[in-house]
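Work through the exercises below with the structure open. Try each task before you read its solution.

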Amino acid sequence: MNIAVVGTGYVGLVSGTCFAEMGIHVTCVDIDKEKIARLRQGEIPIYEPGLDEMVRHNVDAGRLHFTTDLREVLDEVEVVFSAVGTPPDEDGSADLKYVLAVAKTFGENIHKYTLLVTKSTVPVGTAQKVKEAVQAELSKRGVDVLYDVASNPEFLKEGAAIKDFMTPDRVVVGTDSEKARKVMTRLYKPFMLSGERMIFTDIPSAEMIKYAANSMLATRISFMNEIANLCESVGADVNMVRRGIGADMRIGRKFLYPGCGYGGSCFPKDVKALIKTAEKNGCSMKILRAVEEVNERQKSILFDKLSKRYGGRLHGRVVTLWGLAFKPETDDMREAPSLVVIEKLLQAGAVVKVYDPIAMEECRRRIGEVVVYCDDMYEAAVDSDALLLVTEWNQFRVPSLSVLKKTMSTPLILDGRNIYESEYLKENGFEYHCIGK
C-alpha cells in the first residue's frame, strides 16, 4: 500500500514513520526544502524519543521517502494524509490556509480514485470546505475523478507519540463513504491485531472529538489548579484531595495533577479554536472561557509566590529555572509556562539562569540571550536566590540536596509540579513552596 503524508511537523513525521514501520510505503511531503534535505540526510527537525532511529531504519529499508512536491506521487498513492499546521489566527480560530492549499493541489492533480484524509486538528465543517476546494479544481479541469474526504484526528502525546501511534487506545475515522471506510480499515489493520479499536463516525463528529477530548483534559487541569489554590487558602493538602477524588471510578486519577499551568501545541490552541467555533455557531462556551482564564493566571503562580516571599523586591536577585519545555520528553515551548515566568522575572529586574535537558536551543530561538544558559542543572543553581522547578524532567526528581545547599545563595525551592517531599527538603535545610499545600 502506498500513501503520502503532507506536512513533516510533529504529527506528519510521526504518523508517516509509524505507517512505514508497519510495511506501508510512505512519502512525506513538505514545501520546506531545507527540512526535506535534512530529513533525507537523517536529521530530524523535532525531538521525540525513538523517532530518529525509526526514521533512519525505514529510509534504509526503502519504505520512507521525502519530497517537496505532492504532484510527484499522487498517481502512485491510494491515500493522502493532510497533516499540515493549523495555527491560531489573530482571533484564536484555526487558520485553514495550509489545509485548503493541500486540497487545491489534490484537486488539481488527481487522475484516479484517491482518499484525502485530514489528520490536522481542524474545526467542525472543515471537511466540507476541503471537498469544495477539491471539487472546484476538478470543475476547472473539466474532469470527473472519484475521490473521498475523511477525517482522522490524531491523539499523540508529545514524548510518547510513537507508542501512542503503534498501540492506540482508539483510532477515530469520520467518513460518509463505505469505500473510504474499507481503505482506512485496511490501512490501520496492522495496528489492531491486539483488539479492534477503530471508531467510525460521521465527519463532523470526528472533527469535534479531537477538540472535545483536548478541552476536557484542559478543563480537568484548570479545575485541579483552582482546587489547589483554594487548598492553600483553607489549609488543605491538594495531593490528599487528588487521591481522594481520583479513587472515584467516575472521575479517575489522570490529569488531576495541579501545577503551574498547561502549554504545548494542542491544549491552548484547541481550547481557543473550540470557543471560536462555538461563537460562530451562536453558542457560548462559558466553562472553556474559564478554563483558559484559569490557565493563563496559573502560569504566573511561581512568580507570584517568589515575589511574595521577597516582598516584591526581586531586582538583582538570581533566579534559577529547571525546565523550559512545556512538558518532559519534548523540546516544545509553545505556550510554555516557563516563558511567562521568565518574562515576569526579567521585568522585575531578576537575573534568570536556566537549564533544560533538551529545550535550550528552542529557548534561544524564542527569546535570545536575555537569560543565562547553563550546561547542567547544578551550574544553573550556583549563587541562586531561588530555584523554580517548572518542568518535571526525570533528572530533576532526585537532586543532590548537599550540592544545592553548598552552591545556592539561599536554599529556597519553589516546586511548580509538586514532585518533591516537603518534609524531606525542610529536614535538609531548605525552604520549600509547592502548589496547593
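Angles between axes of 65 to 115 degrees count as roughly perpendicular. The model used here is predicted.

**Exercise 1. Two helices**

Task: Find how the axes of helix α8 and helix α10 cross, and state which residues meet.

Solution:
- Step 1. Locate the helices: α8 covers residues 203–234, and α10 covers residues 267–280.
- Step 2. Look at the axes. They come within 9 Å and cross at roughly 115 degrees.
- Step 3. Apply the cut-off. α8 and α10 are therefore roughly perpendicular to each other.
- Step 4. Add the hand: the crossing of α8 past α10 is left-handed.
- Step 5. List the contact. From α8 come Met 208, Lys 210, Tyr 211, Asn 214, Ser 215, Leu 217, Ala 218 and Ile 221. They meet Phe 267, Asp 270, Val 271, Ala 273 and Leu 274 of α10.
- Step 6. Sort by class. The contact of α8 with α10 has 9 nonpolar, 2 polar and 2 charged residues.

**Exercise 2. The sheet**

Task: Which strands stand at the edges of the open sheet?

Solution:
- Step 1. Write the order of the 6 strands: β11-β10-β9-β12-β13-β14, with parallel pairing.
- Step 2. Read off the edges. β11 (372–373) and β14 (431–433) each have a single partner strand, so one side of each lacks a neighbour in the sheet.
- Step 3. Check one pair. β10 (residues 351–355) pairs with β11 in the parallel sense over 2 bridges. Lys 353 stands opposite Val 372 in β11.

**Exercise 3. A helix on strands**

Task: Which strands does helix α13 lie across?

Solution:
- Step 1. Find α13 at residues 337–347.
- Step 2. Name the strands: β9 (318–322), β10 and β12 (386–389).
- Step 3. Give the direction. α13 runs at about 175 degrees to β9.

Note on methods: Residues numbered from 1 in each chain as written. Predicted model: local features only at pLDDT ≥ 70, side-chain atom pairs only at ≥ 80, totals over all residues. Heavy atoms only, no water. Axes fitted to C-alpha atoms, helices over the stretch in contact; angles between N-to-C directions. Helix = DSSP H or I, 4+ residues; strand = E, 2+ residues; numbered from the N terminus. Parallel < 35°, antiparallel > 145°, perpendicular 65-115°, else oblique. Left-handed = near helix turned anticlockwise from the far one by under 90°. Contact = heavy atoms within 4.5 Å. Nonpolar A, V, L, I, M, F, W, Y, C, P; charged D, E, K, R; others polar. Pairing = 2+ DSSP bridges.
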